[in-house]
Amino acid sequence: MMENVAVRTSIDPFDDDMPPAPTGLSRISRKLLGNKVASISMVVLLLIILTSVFLPKIIHLDPEEMDFTTILSAPSPGHPFGTDEGGRDVFARLVHGGRITLMVGFISVLVAVVLGVMLGGVSGYIGGTVDHVIMRFTDALMSLPLFFILLIILSVFGTTVFNITMTIGATSWMVIARVVRGEVFKVRELLYVESARAVGSSEMGVLFRHIIPQTMPSVIVGATLGLAHAILLESALSYLGLGVQPPTPSWGNMLYSAQAQLWSFPRLAIIPGVMIFLVSLGFNFLGEGLRDALDPTLR
């Protein structure tokens, strides 16, 4: 005899047996971790960042110590990646160079995000002549060959780490500004924004307390993708001799120094090149994963 089976045909929102609905953060985390490429990229990036930041504090790594008895020596237990043309440990320079390269990338993106959010938010919220002027200025900058402008600025003002960071940030905000402007256009007429105005909030208060936070998912994705661009820019500038200057190491100037030994000792160029490739690719894949996880149209 077949047993009667009760089939639930409706969902009772007050049923205690139902699993709790996932919160926004848990849903985003689950979707991001479900993306294998983005998850692997995040793990690789965390390993590289943690190694660059904390390893020099745990063990002694002097990137500028020269030993002329071990010039261009092969990898060994004392020098895992060998030494360069000055007898300096390549592994020590790689770790410290990662610190400089990543620091330039993060700070320059922070500068770009601040400028992009402020200009894009004001442009989209106020509109009219202000929007027209800001967007035409943005379009004009996007039409210029910014890499050559970077070269000119650094040639005139010097190639300090501060100048490199500020210059990259000041020439990388335009895409974020356009994204924020578009998001603000969509949000500024919603009912909760009208309610904030009705209770007496100032225009700038409405913009930065109620509208700008709604653009953060798009800003986070843009900043993640911008990190890869900033790191490639710093590496390219250093490779051309207009970035971080020796003896301070960066992955770009390690490539620059390896040119003379490219065919005899290719590992000197391959090792920093692989690190630049991994970090740039990792941030691109992570940015794509964040975009999929944060995009409400894909839910």
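**A helical chain, from overall form to single residues**

Read from start to end, the protein chain follows the pattern α-α-α-α-α-α-α-α-α-α-α-α. The secondary structure thus comes to 12 helices and 0 strands. The model is a predicted one. The radius of gyration of the chain is 25 Å, whereas the globule rule gives 19 Å for 299 residues; the value is well over the rule, so the chain is more spread out than a compact globule. Along the principal axes, the C-alpha trace spans about 80 × 75 × 30 Å.

Of the 299 residues, 40% are buried. The accessible surface of the chain is about 16600 Å², and carbon and sulfur atoms account for 69% of this area. Contacts also reach across the sequence: taking those between residues at least 6 apart, 70% join residues that are at least 24 apart.

The interior can be described by its nonpolar cores. The largest has 54 residues, and those with the most contacts inside it are Ile 168, Ile 211, Trp 251 and Val 279. Helix H12 gives the most to this core, with 11 residues. Ile 211 shows what such a position touches: beyond the residues up to four places away in sequence, its contacts are Tyr 125, Val 184, Val 187, Arg 188, Tyr 192, Val 193 and Val 206. A second core, separate from the largest one, has 6 residues, among them Ala 112, Leu 141, Trp 173 and Ala 177.

Two of the residues named in the second core lead on to their surroundings. Trp 173 sits in the loop between H6 and H7. With a relative accessibility of 3%, Trp 173 counts as buried because the cut-off for burial is under 20%. Apart from neighbours within four places in sequence, Trp 173 is in contact with Ala 112, Leu 115, Gly 116, Leu 119, Phe 137, Thr 138 and Leu 141.

Leu 141 belongs to the buried residues of H4, which are Asp 131, Ile 134, Met 135, Thr 138 and Leu 141. Seen down the axis of H4, these residues fall within an arc of 120 degrees, so they line one face of the helix. An α-helix has 3.6 residues a turn, so residues three or four places apart point the same way. On the face of H4 turned away from the buried side are the exposed residues Thr 129 and Val 133. The cover over the buried residues of H4 includes helix H3 (90–126), helix H5 (146–157) and helix H7 (174–187). The length of H4 can be checked as well: at 1.5 Å a residue, its 15 residues (128–142) should span 21 Å, and the end C-alpha atoms are 21 Å apart, which agrees.

H5 can be read in the same manner. Its 12 residues should span 16 Å at 1.5 Å a residue, and the end C-alpha atoms of H5 are 16 Å apart, in agreement. Leu 146, Leu 150, Leu 151 and Leu 154 are buried in H5. Viewed down the axis of H5, the buried residues fall within an arc of 150 degrees, so they line one face of this helix. Turned away from that side are the exposed residues Phe 148, Ile 152, Ser 155 and Val 156. Covering the buried residues of H5 are elements including H4, helix H6 (161–170), H7 and helix H10 (216–239). Just after H5, Gly 158 takes a positive phi of about 100 degrees. Gly 158 and Trp 173 are 15 residues apart along the chain, and their C-alpha atoms are separated by 22 Å.

Another positive phi occurs at Leu 72, in the loop between helix H2 (36–58) and H3. Here phi is near 55 degrees, a positive value in a residue other than glycine. Most residues other than glycine have a negative phi. Leu 72 is one of the residues touched by Gln 261; the others, beyond four places in sequence, are Glu 85, Pro 266 and Leu 268. Gln 261 lies in the loop between helix H11 (251–257) and H12, and Gln 261 is buried, with a relative accessible area of 15%.

The last stop is H12 (residues 267–294), which holds Phe 277. Although H12 gives 11 residues to the largest core, Phe 277 is exposed, with a relative accessible area of 51%. Phe 277 lies 138 residues from Asp 139 in sequence, and the two are 30 Å apart in space, C-alpha to C-alpha.

Conventions: Residues numbered from 1 in each chain as written. Predicted model: local features only at pLDDT ≥ 70, side-chain atom pairs only at ≥ 80, totals over all residues. Heavy atoms only, no water. Helix = DSSP H or I, 4+ residues; strand = E, 2+ residues; numbered from the N terminus. Expected span 1.5 Å × (residues − 1). Buried < 20%, exposed > 50% of the residue type's maximum accessible area, 1.4 Å probe, protein only. Arc of directions from axis to C-beta. Contact = heavy atoms within 4.5 Å. Rg over C-alpha atoms; globule rule 2.2 N^0.38 Å. Areas by Shrake-Rupley, 256 points an atom, 1.4 Å probe, with all protein chains shown as cover. Core = buried A, V, L, I, M, F, W, Y, C linked by side-chain atoms within 4.5 Å.
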